[in-house]
Amino acid sequence: VREAAELLERKAHPDPYVASYMPGGSLFMRHPSFPLEICYPNGVPAKVQKEMKGLELNLDMTYAQPGKKSKAGNVLVDFSRKKML
């Protein structure tokens with residue numbers, strides 16, 4: 001397995017394809033949505049909280065799911081390798 005991984009690393013393209021919304025992509029964090037607390041400085045209305053519940057997205061554009069994939073806080077991105085750390 002190690003030999004295969006080394007071969008794959010040697011043969012990999014020096015500038016790998018990256019989905020546009022992932023780190024290194026042209027759309028990554030271009031227009032992130034504002035936190036609701038900024039949109040509603042006097043408090044988020046109950047109707048909006050109910051509608052937005054469960055619609056948080058992770059950096060890879062998948063829905064945040066408690067216990068499985070949850071919304072990341074601070075994320076380190078290695079832009080030279082186009083990967084999240």
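1. Salt bridges. In this predicted model, the structure holds 1 salt bridge, and the partners in that salt bridge are the side chains of E6 and R2, with a distance of 3.9 Å from N to O. This distance can be accepted as a salt bridge because the cut-off between a side-chain nitrogen of Lys or Arg and a carboxyl oxygen of Asp or Glu is within 4 Å.

2. Where the pair sits. E6 and R2 are 4 residues apart in helix α1, so that about one helical turn separates them. As for their surroundings, R2 is exposed, with a relative accessible area of 64%, whereas E6 counts as partly exposed, at 39% relative accessibility.

3. Confidence in the model. Helix α1, which covers residues 2-11, is where confidence in the chain is highest, at a mean pLDDT of 92, while confidence is lowest in strand β2, residues 83-84, at a mean of 68. For the chain taken together, the mean pLDDT is 75, and 66% of the residues reach 70 or more. Where pLDDT is low, the predicted coordinates should not be read in detail.

4. Order of the elements. The secondary structure of the chain comes to 3 helices and 2 strands, and, when the chain is followed from the N terminus, these elements run in the order α-α-α-β-β.

5. The loop between α1 and α2. Two residues of this loop deserve a comment, namely P16, which has its place between α1 and α2, and G24, which is found in the loop that leads to α2, residues 36-39. P16 is partly exposed, with a relative accessible area of 36%, and G24 also counts as partly exposed, at 31% relative accessibility.

6. Pairs that are distant in sequence. Although P16 and R81 are 65 residues apart in sequence, their C-alpha atoms are 8.5 Å apart in space. In a similar way, G24 and S80 are 56 residues apart along the chain, and a distance of 7.9 Å separates their C-alpha atoms. Considering the contacts in the chain between residues at least 6 apart in sequence, 33% of these join residues at least 24 apart.

7. Burial and surface. Of the 85 residues in the chain, 12% are buried, a class that requires a relative accessible area under 20%. The accessible surface of the chain comes to about 7,700 Å², and carbon and sulfur atoms account for 57% of this surface.

Notes:
Residues numbered from 1 in each chain as written. Predicted model: local features only at pLDDT ≥ 70, side-chain atom pairs only at ≥ 80, totals over all residues. Heavy atoms only, no water. Buried < 20%, exposed > 50% of the residue type's maximum accessible area, 1.4 Å probe, protein only. Contact = heavy atoms within 4.5 Å. Areas by Shrake-Rupley, 256 points an atom, 1.4 Å probe, with all protein chains shown as cover. pLDDT = per-residue confidence, 0-100.
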